Amino acid sequence: MAVNNSISDVAIEGNVALITLNSPPVNALSAAVRNAIYEGMELALKNPAVEAIVLICAGKTFIAGADITEFGKPIAGLPLAKVQECIENSPKPVIAAIHGTALGGGLEVALVCHYRVAVPSARCGLPEVNLGLLPGAGGTQRLPRIVGVEKALEMVTSGAHVPAREAHQMGLIDELVPEGSLRDGAIAFARRVAAEGRPLTKVRDMNEKVEAARGKPEVFAQFRKANARKFRGFIAPEFNIQCIEAAVNLPFDEGLARERELFVELMNGPQSSAQRYYFFASRQAWNIPDVPSDTPVIPVNTVGIIGAGTMGGGIAMNFLNAGIPVAIVETSQQALDRGLRTIRTNYENTAKKGRLSSDDVEKRMALLTGSLAPEDLGAADLLIEAVFENMDVKKELFSKLDRIARPDAILASNTSALDLNEIAAATSRPEAVIGLHFFSPANVMKLLEVVRGEKTSRPVVATAMQLARRIGKVAVLVGVCPGFVGNRMLAQRQREASKLVLEGPMPWDVDRILYDFGFPMGPFAMSDLAGLDLGWTREKSTGSTLREILCEMDRRGQKTSAGFYDYDERRTALPSPVVEKMIHEFAASKGKSRREVSDQEILERCIYPMINEGAKILEEGIAIRASDIDVVWVNGYGWPVYRGGPMFYGDAIGLDKVLAKMREFQAQFGDDFRPAQLLVDLVAQGKSFRDL
Ligand code: HSC
């Protein structure tokens, strides 16, 4: 007998009922899926021939969680809790058969099943924290009952996807079945459970592990302390911890009620709203309207990199990590040796931390070759230039690469600000030229700005985006303008920060406000880290900016233990009396009288011009959508994801308020604050960036 509708299929295989869910792309628990599970259960329970039930999914994954698109909308269909009760209280054993990922609500459904089997490639996790949430369907109460409090704390606050073998060792999975044999393996397991009359295990009744942790508040205190830096600014990790505490200290049903209460609070709060927005924004960024997914791509099997400096080396590591051979070219043997040595040292340091085997270090290094002859890059499919930022140098290099590279090769520049169209014009194949703006350190930072020149061909764009995915980057397609999206907006913040210290606040005041806002560090700490002498020379220094004066004083940033801050031997940044005095003198020499500037003004002066610049970027078509700008800022500049990104933040404040403040600042401080036409128009129409 078989019953099916478009979402699920119930097949009876002898004494086993197989409920197969089929709701692409990820079998999320939409109203239809919840209803389908319930109906499938009813059918299986009613059938006297059925002695055990298997819940399995078609497609690429087991249930990957609640349907996030339903959040914030009125509830339709059966509540998940009712579906879970039906499974957990079933008089016939229910077995979850897991492949792909059992995530969030998906794992919570598996946890109400009496047993769980999985293929080795499957992964389990409760990633709700990454959406600013907590597992709201009993996950925080059931997980610690199986894996213990420490592991549960780790899992719910990191959102990590635990591989099936590890989950099996933890007791989360009862049996691993061979890859590719999930259906048969699960049916065989179900038959055994039925034949042996194994108990209908309810995780909710397994109290041993939570009782063991009762009366030990220090476990939670230590966990909070150890992770304070990682959790800074986020609300969800703390709420997740409180739920595990509830699992330890309260009876199951009370713990469940506490979990639900905290879930609802998070769901209705601003952080989850921002993080859920970001989830979709980061996926949306891959869609390029005029470059559909069937656009032909150019095979990239080898990469050539020009420049073995910090940037070139970091870029090379991305490809080596993905198993793509890299040839790297430098101008002197010394620079080449240094570059290759740095790459090896980086890998060896990772190996020392246990995150890479020494075998893997050697495998990666074996894919790397160095040379002093650019001609050696003639066979590469993709050539990436990572030399210093000088237009003449880049143009000369590209014209040379044009002569060397294969006719079908892609020529990429890692420029962070220069005009890509001008660089492309130095070649006979501007359609093959693209910008790949990696962020430093290039082997660590997730963001890749893919810069589309006016002549870049669609296959070249499609190839760059696909390649970005292959090397694990978050790619955002941008157009050509000075600084592209990220650095162009950053310049606004830097300008205001520099102006502010001449008006009243000290660098550490400005930094504190931006740090408290959620950035990893403020603009002055960031400048100290990068080095104040980037592009500075003593010969050409005119002492006309704070930065130049600091460099002249040999305060060049962290590397000289002094910059805007003083640094102690542990690199702790300390407010500097020398700098304070120097700023007072400098401001006086410019005729600036100092005033009290409120924290609020510091924040608005730094952030609103960025939002405004984002609007100009959209107006000019440099970014495809406002959410792409947010993806750039979250991944490239440490914008706190719980604030969505600058454009989301602008919408959240209200664009009318941003505009009013920009006008007020314009009247007070001049045209640096001229509002973007798009901002003016959106406000006039009562719209937000999200409506675009
Ligand atoms: C949750 O489960 C809350 C629970 O605790 C229940 C609470 C009940 C509360 C009641 C109490 C009152 N929903 O990533 P991809 C889409 S929260 C909707 O590119 P991959 C995605 O947008 C959830 N859509 O694929 C994309 O759509 P597009 C916890 C979802 O192979 C497409 O699927 N779960 C969705 O690289 C493909 O996605 C998670 O956080 C969802 N849950 O990765 C897991 N998940 O094609 C979130 C995906 O139109 N998902 N989509 O762009 C993931 O991590 C990844 O998607 C996977 C697949 C690893 C599953």
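These legends go with close-up views of a predicted model.

**View 1. The chain splits into four stretches of domain.** Domain 1 covers 2-267, domain 2 covers 303-482 and domain 3 covers 505-589. Domain 4 is put together from two pieces, 599-621 and 625-691. If you take the centres over C-alpha atoms, domain 1 and domain 4 sit 41 Å apart.

**View 2. Here is a little open sheet with a helix packed on it.** The sheet has 3 strands, ordered β6-β8-β9, and its pairing is mixed. β6 (101-103) and β9 (162-163) are the edge strands; each has a single partner, so one side of each has no neighbour in the sheet. Helix α3 (residues 105-112) packs on this sheet and touches both β6 and β8. The direction of α3 makes about 90° with that of β6. Now look at how β6 meets β8 (residues 123-125): the two run parallel and share 3 bridges. For one of the partnerships, find Leu 103, whose bridge partner in β8 is Gly 125.

**View 3. This one looks into the largest nonpolar core.** The core has 96 residues, and the ones touching the most other members are Ile 607, Trp 633 and Phe 689. Helix α25 (residues 599-619) is the top contributor, giving 10 residues to the core. Zoom in on Ile 607 and skip its neighbours within four places in sequence: you'll find contacts with Leu 514, Phe 517, Phe 519, Trp 639 and Tyr 649. There is also a second, separate core of 82 residues, and its members include Ala 102, Val 147, Met 170 and Ala 247.

**View 4. Asn 318 is a polar residue tucked into helix α14.** The helix runs over residues 310-321. Asn 318 has a relative accessibility of just 4%, so it counts as buried, the cut-off being under 20%. What does its side chain find there? A polar atom of the Asn 318 side chain lies 3.0 Å from the backbone oxygen of Gly 314. Beyond the neighbours within four places in sequence, Asn 318 is in contact with Phe 438, Ala 442, Asn 443, Ile 471 and Lys 473.

**View 5. Two cis peptide bonds turn up at prolines.** Most peptide bonds are trans, so cis ones are worth a look. Pro 24 and Pro 25 are joined by a cis bond with omega of about 0°. Pro 25 belongs to the loop between β3 (16-21) and α1 (31-46). The bond from Ser 440 to Pro 441 is cis as well, with omega near -10°. For Pro 441, look in the loop between β16 (433-438) and β17 (447-452).

**View 6. Phe 484 and Arg 571 both have a positive phi, yet neither is a glycine.** Most residues other than glycine have a negative phi. Phe 484 has phi near 50° and sits in the loop between β18 (474-478) and α20 (486-503). Arg 571 has phi of about 60°, and its loop lies between β19 (565-567) and β20 (573-575). Which is buried and which is exposed? Phe 484 has a relative accessible area of 0%, so it is buried. Arg 571, at 56% relative accessibility, counts as exposed.

Conventions
Residues numbered from 1 in each chain as written. Predicted model: local features only at pLDDT ≥ 70, side-chain atom pairs only at ≥ 80, totals over all residues. Heavy atoms only, no water. Helix = DSSP H or I, 4+ residues; strand = E, 2+ residues; numbered from the N terminus. Buried < 20%, exposed > 50% of the residue type's maximum accessible area, 1.4 Å probe, protein only. Polar contact = N/O pair within 3.5 Å; in protein donor to acceptor, adjacent residues only side chain to side chain. Contact = heavy atoms within 4.5 Å. Pairing = 2+ DSSP bridges. Axes fitted to C-alpha atoms, helices over the stretch in contact; angles between N-to-C directions. Core = buried A, V, L, I, M, F, W, Y, C linked by side-chain atoms within 4.5 Å. Domains from an automatic or database assignment.
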